[in-house]
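Thanks for coming. I have one structure to walk through, and I will take it piece by piece.

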Amino acid sequence: MNSKLLHRAILFGLLGLFALFFLLPLYVMLVTSLKDMDQVRLGNLLSLPASLNFASWDKAWHHACTGTDCRGLQPYFWNSLAMIIPAVAVSTTLGALNGYVLTKWRFKGSELLFSLMLFGVFMPLQVVLLPMSQVLGWIGLSDSIWGLVTVHVLMGLASTTLFFRNYYVGLPDELIKAAMLDGAGFFRIFWRIVLPLSTPILVVTLIWQFTNIWNDFLFGVVFSGADSKPITVGLNNLANTSSSVKEYNVDMAAAMIAALPTLLVYVVAGKYFVRGLTAGAVKG
Amino acid sequence: MPAPPSGNPPMAASTTAAGPSARARFEHWLPRLVLAPSFVLSFLFIYGLIAWNGYLSVSASRLLPNYEFVGLEQYVTLFESERWMVALKNLLIFSGLFIGLAMAVGLLLAILLDQKIRAEGLLRTIYLYPMALSFIVTGTAWKWILNPGLGIEHLMQGWGFTNFKFEWLVDPDMAIYTVVIAGVWQSAGFVMALFLAGLRGIDESIIKAAQIDGASLPRIYWRILIPSMRPVFFSTLMVLAHIAIKSFDLVMALTAGGPGFATDLPATFMYTMAFTRGQIGLGAASATVMLATVAAIVVPYLYSELRSKR
């Protein structure tokens, strides 16, 4: 059985090489963020830090400069957090209600409405940027966190509706009929019967919305003002500030800080993250 | 929500001889009322703003919106602009290589992982984690790795390859390929996940039968498994094409469109024109072209998906 052993060796060799390729940027980010600038300049990309040095993490969080502002990433991080909580909560709630109506309270034309909305999942966002910035100005939300929340909710509705609709199609209609015979109304059925059965899709949608909104850059860079920039914009400004000597260790620490929340979600609930990805890719 | 006054379900109440009560009529319309706000807002947002953007693209808008109609002038300027043509050419190069390589690597990984190996869960986690990160984060990381002075080049020279040069990031002709590297790194794991799910969905007995007939493993994959995953290929292609066309963050973080405008894509072109160059009409026109491209790919796909479900 020598050839079988050889096959296995090649198989694991390939898988291992790919694993190294995929881990490389994360490894480089991490070790670079723990080095001091001398070591970054003199040593090589892959070498381990001479000593554990969290100075660049501290600097990235508290003091790093983006332009003339030297408060580090901290304010951007809090902006992202302030934006993401209402945006995820509202878009998920509305998506759940929409999915419930579209599957359990169908009416003439509801399928058509849904298909028209589906296009919103695929539409290139560039098309709404210019008019949207005017609309936000009219309603007094330009350059604010609430403006970003509004845009993310509007943009997220199509996907959250899609997720819940596809899940609720699988809930037996008999459950709803039985509850109606018992005299339960629209909201009572949702609250008492549908919602308790929704945990899996709720988790998928929450994770999906969280990652998308946390990672968004386009809306952040177009619609935020000086005091409402999200973390991705903060990181990009920090890494592209060309004023003084480039501190790659601080850049990498900043990138790690911006990556940690979604990375954490992925490690803790990766299964649901993957389900979200595949649900987004394969409709129905 | 209090229970309805009588024990009758709302549907039954609406058919009584006395005609529907106000309460029953409310119950009847309630689902639509719940749906209405998000659908009205979504449609205004999607189709209303598309129309508005379309109008901006045929207006004389420059630094400020100006609703004077100028016909297709902006589109003529757009397609006469060298920068836009570079962006389109880049999109072709980038999307071709990105989609092709991400599919190839993803499929290879899926097949390798499908060989009943230990540590599959761990490997899958490693291959897929880039997808959880922002393009801004991964772009920043790749920019550092590909940095001509201190990154891979420095590493290889340190290892004794003193003549090793790797300056793609600052070479106008090669910079777009660095975007491809980072893009494939980011998305290949996602393709792997889709293909692996597809492979796992295939009936085992088909494989058993082929094995009894004496077919080799590569032959089984090539002739039976891969062809039966056609729908998965199609969905993956759709999603990757869509990612390619809207790619913006990755380029902004990795090269910011540079050197010069050598790595501009339509998405970064649109942003630059509309928000930093004060060319609103031109930006709107480029956005409309992007929309048309996506629609040409996605509308037939959505149409067939929705039809096949009936």
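The UniProt record, an unreviewed entry, lists "transmembrane region" for residues 9–30, 76–100, 112–133, 145–168, 189–210 and 252–274 of chain A. What you have on the screen is a predicted model, so let me put two of those annotated spans against it. Residues 9–30 of chain A are 100% helix and 0% strand, and the end C-alpha atoms of that span lie 30 Å apart. For residues 189–210 of chain A the helix content is 82%, again with 0% strand, and the end C-alpha atoms are 27 Å apart.

Next, the interface. How much area do chain A and chain B bury between them? The figure is about 8700 Å², and 79% of it is on carbon and sulfur atoms. Three residues, A:Phe22, A:Phe122 and A:Leu130, supply 9% of the area that chain A buries against chain B, which is more than any other three residues do. In residue terms, the contact takes 91 residues from chain A and 98 residues from chain B.

On the side of chain A that touches chain B, the largest share comes from helix α1 of chain A, residues 2–33, with 16 residues. Sorted by class, that side of chain A has 66 nonpolar, 19 polar and six charged residues.

How many salt bridges are there between chain A and chain B? The count is zero. Polar contacts do turn up: 17 residue pairs across the interface of chain A and chain B, both residues at pLDDT 80 or more.

One residue to look at here is A:Asn98, in helix α4 of chain A, residues 74–104. Is A:Asn98 buried or exposed? A:Asn98 counts as buried, because its relative accessibility is 0% and the cut-off for buried is under 20%. Beyond its neighbours within four places in sequence, A:Asn98 is in contact with A:Leu157 and A:Thr161, and also with B:Val34, B:Leu35, B:Ser38 and B:Phe39 from the other chain. A:Thr161 sits 63 residues from A:Asn98 in sequence, with a C-alpha to C-alpha distance of 5.8 Å.

Now the charged pairs. Side chains of opposite charge can pair when their charged atoms come close. Over all chains, the structure holds eleven salt bridges. I will show three.

In chain A, A:Arg41 and A:Asp38 meet through their side chains at 3.6 Å, N to O. Both are in helix α2 of chain A, residues 37–42, and they are three residues apart, about one turn of the helix. A:Arg41 is partly exposed, at 40% relative accessibility.

Also in chain A, A:Arg71 forms a salt bridge with A:Asp69, with 3.1 Å between the closest N and O atoms. Both partners are partly exposed: A:Arg71 at 44% relative accessibility and A:Asp69 at 23%.

The third is in chain B, where B:Glu120 and B:Arg200 make a salt bridge of 3.2 Å, N to O. B:Glu120 is in helix α5 (residues 120–128) and B:Arg200 in helix α8 (residues 175–200) of chain B, so this pair ties together parts that are 80 residues apart in sequence. B:Glu120 is buried at 15% relative accessibility, whereas B:Arg200 is partly exposed at 43%. Salt bridges with shared partners join B:Asp114, B:Glu120, B:Arg124 and B:Arg200 into one network.

B:Asp114 from that network lies in the loop between α4 (82–113) and α5 of chain B. It is buried, with a relative accessible area of 17%. Not counting residues up to four places away in sequence, B:Asp114 touches B:Leu196, B:Leu199, B:Arg200 and B:Tyr221.

Last, some backbone details. Most residues other than glycine have a negative phi, and most peptide bonds are trans. B:Ala119, in the loop between α4 and α5 of chain B, has a positive phi of about 65 degrees. B:Ala119 is partly exposed, at 44% relative accessibility.

Where is the other alanine, B:Ala256? It is in the loop between α12 and α13 of chain B, and its phi is also positive, near 50 degrees. B:Pro259 is in the loop between α12 (249–254) and α13 (266–276) of chain B. The peptide bond from B:Gly258 to B:Pro259 is cis, with omega near -5 degrees.

Terms used
Residues are numbered from 1 along each chain as its sequence is written. Chains are lettered from A and ligands numbered from 1 in the order in which they are written. This is a predicted model: local features need pLDDT of at least 70, side-chain atom pairs count only at pLDDT 80 or more; totals for chains, interfaces and linings use all residues. Side-chain values use heavy atoms; hydrogens and water are left out. Contact means heavy atoms within 4.5 Å. Buried area is the accessible area (1.4 Å probe) that two parts lose on being put together, summed over both. A salt bridge is a side-chain nitrogen of Lys or Arg within 4 Å of a carboxyl oxygen of Asp or Glu. A polar contact is a pair of N or O atoms within 3.5 Å; within protein, one must be able to donate a hydrogen and the other to accept it, and residues adjacent in sequence count only if both atoms are side-chain atoms. Helices (H or I, at least four residues) and strands (E, at least two) are DSSP runs, numbered from the N terminus. Ala, Val, Leu, Ile, Met, Phe, Trp, Tyr, Cys and Pro count as nonpolar, Asp, Glu, Lys and Arg as charged, and the others, Gly among them, as polar. Buried means under 20% relative accessible area, exposed over 50%, partly exposed in between (1.4 Å probe, protein chains only). UniProt positions are given in the numbering used here, feature names are shortened, and annotations may be inferred rather than shown by experiment.
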